[in-house]
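Q: I am new to this structure and would like a close look at a single part of it, described with care. Please begin with the chain as a whole, and explain each term when it comes up.

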Amino acid sequence: MCLTCATPTGTVTRRSIFRTAAGAAGAAVLTSGAAPASAARAAGAGPRRGSGVRLRWLGVAGWEMTFGEHRLLVDPYLTRQPYQDPQGRMDLARPLQVNARILDRVLERYLTAAPEFVLVTHGHFDHLADVAPLLNHPRWRHEQVRVLGGETHLNLLRALGVPSSRTDDLLLVTGGEHLRYPLRSTESPRPAYTIEVFRSLHSQVGGYGFAPAGTLTQPPAAPSTIGDLVEGGSLGYQITVGGGPKVMFLSGTANFVEREVAGARPDVLVLGASGNAAVYDYFERVLKTLGWPRVVVPSHHDDMVTPLDDPRVHDRVNRQVVDTLQDVLGDRGRVLDPRHLEVLELPV
């Protein structure tokens with residue numbers, strides 16, 4: 001969560017227009033659901049064969065990743081409730097809300113099947129609050145959905161109403177795990193994909209901190225305010241598709257542990273892009289540490305509150321980070337400008 005630092009704006013600079021057009025032309029790096037192949041050809045880029053791996057931005061730090069019959073979700077938060085007081089400060093006493101109408105709409109039109117995994121980066125409301133309602137939703141209620149998270153995150157999910165029938169699918173990770181799917185068997189000696197878990201850090205803003213902090217060793221009383229959902233440690237994930245790209249999600253926060261991810265070489269990096277005012281050379285350090293990924297997609301850089309079915313949601317995004325990231329990445333790769341609920345197809 002970055003509640004005091006993001007300043008999304010609808011202002012579009014000349015360079016951001018150029019880069020948005022380049023991203024839309026996208027066949028050289030990525031094809032957006034909003035950018036048909038004809039746009040790429042018109043821009044002089046020849047058609048490229050896709051990998052079959054697709055990303056969909058759910059807003060805030062939420063992502064869907066699909067390939068073949070497989071799908072995973074990262075921090076699926078759809079409610080987008082108000083979180084500030086009249087002075088624009090974070091209001092930890094604000095009651096938690098669930099926007100059931102938006103959950104129904106998104107599951108009907110976009111997330112049309114339950115995921116195999118939900119990957120939780122940390123416990124703040126704009127990452128965790130909708131996970132229990134999604135698991136309890138009629139469309140998912142009888143599907144097996146495994147959730148990866150830290151001890152605090154899983155305890156919060158239990159307190160938020162995840163039923164005991166799902167206990168075996170709340171899977172504790174702490175960083176360092178390298179998991180395969182499906183489980184090894186004579187029928188599936190090779191995994192369809194693997195998930196690596198990395199210990200990470202929360203964003204640090206101008207005051208050198210964040211709120212609400214804290215950890216939980218057992219389920220608390222049922223959370224009722226956004227302040228009840230504490231961070232509980234932060235995690236990152238890398239999904240490696242068999243025969244396909246490596247996609248790393250350092251998407252939930254704008255910070256990282258350099259020594260934890262050193263040596264990883266993702267093809268695609270989904271990167272938390274706001275809330276790094278107190279983090280030393282964040283963009284340069286993370287891109288260099290990861291070997292200059294050829295595709296970078298910013299995350300957690302919208303206003304967090306405009307409803308997903310409001311056409312203005314696409315304008316409430318801090319697109320300046322696209323320019324900033326591209327300046328750091330240079331000609332080593334491409335920074336993309338995602339749009340809410342639209343599909344990005346990764347190249348081979």
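**From the whole chain to one helix pair**

A: The chain has an accessible surface of about 14,900 Å² (by the Shrake-Rupley method with a 1.4 Å probe), and carbon and sulfur atoms hold 49% of that surface. This is a predicted model, in which local features need pLDDT of at least 70 and side-chain atom pairs count only at pLDDT 80 or more, while totals for chains, interfaces and linings use all residues. Residues are numbered from 1 along each chain as its sequence is written, and side-chain values use heavy atoms, with hydrogens and water left out.

Of the 348 residues in the chain, 53% are buried (under 20% relative accessible area, whereas exposed is over 50% and partly exposed lies in between, with a 1.4 Å probe and protein chains only). Among contacts (heavy atoms within 4.5 Å) with a separation of 6 or more, 72% join residues 24 or more positions apart. The chain contains nine helices and 15 strands, taken as DSSP runs numbered from the N terminus (H or I, at least four residues, for helices; E, at least two, for strands).

The part to look at closely is the pair formed by helix α8, residues 282-289, and helix α9, residues 320-329, whose axes lie 10 Å apart and make an angle of about 50°. This angle makes α8 oblique to α9 (oblique is what remains outside under 35 degrees, over 145, and 65 to 115). The two helices cross in a right-handed way.

On the α8 side, the residues that take part are Phe283, Glu284 and Leu287, and they meet Thr324, Leu325, Val328 and Leu329 of α9. Sorted by class, this contact between α8 and α9 holds five nonpolar residues, one polar and one charged.

The approach to α8 along the chain also deserves a look, since Asp281 sits in the loop between β12 (268-272) and α8. Asp281 has a positive phi, near 40°, in a residue other than glycine, and with a relative accessible area of 41% it is partly exposed.

Elsewhere, Tyr208 in the loop between β9 and β10 likewise has a positive phi, near 60°, and its relative accessibility of 65% makes Tyr208 exposed. Pro212 is found in the loop between β9 and β10 (234-241), and a cis peptide bond with omega of about -5° links Ala211 to Pro212.

Notes: Axes are lines fitted to C-alpha atoms, for helices over the stretch in contact, and angles run from 0 to 180 degrees between N-to-C directions. A crossing is left-handed if the near helix is turned anticlockwise from the far one by less than a right angle, and right-handed if clockwise. Ala, Val, Leu, Ile, Met, Phe, Trp, Tyr, Cys and Pro count as nonpolar, Asp, Glu, Lys and Arg as charged, and the others, Gly among them, as polar.
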